[in-house]
Amino acid sequence: MDSLEEDLTCSVCYSLFSDPRVLPCSHTFCRACLHGLLLASHNYSIWRPLRQPLKCPNCRGVVELPVAGVDALPTNVSLRAIIEKYQGDSEPRAPLCPEHPRQPLNMYCVRDRRLICGLCLTVGQHQGHAIDDLQTAFAREKQTPSLLLARLSEHRWAQVCELGEQLEQEKARCEGLLRQDRQEVAQFFHMLEAALARKRQAYLEVLDKALAEVSRAYDPLIHRVKELQEEQLDLVSLAASVEEEDSPLVFLEKVHMFKERVDDFTSASLPSALNLSVTPRAADYLHRHWAAVTLGSLDEAPVPKVCCCARCGSAAAKAHEGPSQDSYRLRAQLLLLLLLLLLFLLSSLCWLGVAQFNRGLREELFTPIWDWMESSYTVTEVFVLRWSSHVFSTVEMFLQQLTAFFITLTSPLDPCLLFTS
């Protein structure tokens with residue numbers, strides 16, 4: 001078939017011959033192609049009048065066309081018939097069924113919307129299905145798209161558009177809320193960072209002050225020790241120079257001066273080693289006071305006063321340290337304990353002397369004492385409930401002070417000791 005199609009193809013347009021015409025040289029071309037060649041050919045000046053020359057594209061020979069031109073050339077009737085038969089045979093045939101060999105798919109299954117063969121309808125998977133001719137089904141459904149399009153009314157379009165606008169508005173609203181939340185979150189955490197930065201800076205400033213206190217406490221002592229070291233080195237050098245002196249008078253004078261300096265050096269008191277205690281330590285303080293700090297109370301979170309005092313508990317170190325809140329609470333607790341003990345002693349005395357008073361005098365003296373004891377007990381109970389959270393952190397100090405208090409019960413009580421700083 002390919003070679004036949006090549007023989008039926010015009011050598012000018014490379015398509016099947018259309019209205020084939022035969023030249024005097026027996027070569028055939030399409031009528032339209034010959035017209036194009038005639039317009040593009042050159043005129044020969046020596047050619048006879050009323051005759052049109054044409055150069056054949058195949059044999060390159062110049063032929064003489066009739067006076068009427070290309071339309072007067074004879075038609076290749078046999079070639080045209082062959083071309084028409086070839087075009088009829090080359091029309092597309094119905095495809096074959098993939099399940100039943102050599103069976104054409106010439107029926108349309110309405111249910112499955114596909115082409116089937118006769119065996120598919122009788123013995124295959126499409127038994128009992130409604131069938132139709134493909135072209136008939138095509139013509140019947142040709143108007144279906146326009147009918148379906150008519151169902152898409154303007155009201156429906158308005159509903160869809162309104163829904164689209166509503167969704168866009170809701171999306172914009174949600175995005176606005178989320179952007180606002182994003183700003184609030186950023187502002188909130190910025191405030192937290194600022195508060196933490198302030199607390200951090202305050203704590204670091206306290207530690208810097210403590211470092212300055214350490215420097216003020218140790219630097220004079222270190223400077224004094226270095227002076228003593230330099231003095232002893234000078235004395236060692238002086239001793240060497242004295243030993244090398246040959247003049248008796250000068251030697252005796254240097255020995256006397258050396259002796260005085262050695263006496264002064266050895267009699268000078270050495271500075272005592274200062275052992276400072278840093279309180280409170282950061283890890284313990286942060287664990288005790290910052291573990292329960294909430295975000296809302298971050299600005300009220302405590303910052304300690306770091307003290308560097310001598311561990312020996314000297315009066316100077318204590319004065320430098322200053323009274324702390326724990327010491328105030330401890331003194332208040334000791335004062336209340338003392339008051340309770342005094343109340344107990346007074347009540348005991350009252351009960352011991354109850355036999356020596358008459359009933360009227362006993363009621364007159366004991367009733368105000370009993371009322372006073374009840375009010376004192378109420379105040380004590382309120383105080384204990386209020387400061388119960390601090391009792392556990394000061395148990396060790398409280399026990400030490402309580403022991404010292406009971407030791408001093410036998411001695412006269414000095415109230416100033418409870419309030420001195």
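**Exercise 1.** Is glutamate 245 buried, partly exposed or exposed?

*Solution.* Start with the source: this is a predicted model, where local features need pLDDT of at least 70, side-chain atom pairs count only at pLDDT 80 or more, and totals for chains, interfaces and linings use all residues. Residues are numbered from 1 along each chain as its sequence is written, and side-chain values use heavy atoms, with hydrogens and water left out. Next, take the cut-offs: buried is under 20% relative accessible area, exposed is over 50%, and partly exposed is in between (1.4 Å probe, protein chains only). Glutamate 245 has a relative accessible area of 22%, so this residue is partly exposed.

**Exercise 2.** Find the salt-bridge partner of glutamate 245, then that of aspartate 19.

*Solution.* Apply the criterion: a side-chain nitrogen of Lys or Arg within 4 Å of a carboxyl oxygen of Asp or Glu. Glutamate 245 pairs with lysine 254 at 3.1 Å, N to O. Lysine 254 is partly exposed at 25%. Aspartate 19 pairs with arginine 21 at 3.2 Å, N to O. Aspartate 19 is partly exposed, at 28%, whereas arginine 21 is buried, at 10%. The structure holds 9 salt bridges.

**Exercise 3.** Which residues touch the most other members of the largest nonpolar core?

*Solution.* Define the set: buried Ala, Val, Leu, Ile, Met, Phe, Trp, Tyr and Cys residues joined through side-chain atoms within 4.5 Å. The largest core has 18 residues, and Leu23, Leu34 and Leu65 touch the most other members. A second, separate core has 7 residues, including Leu105 and Cys117.
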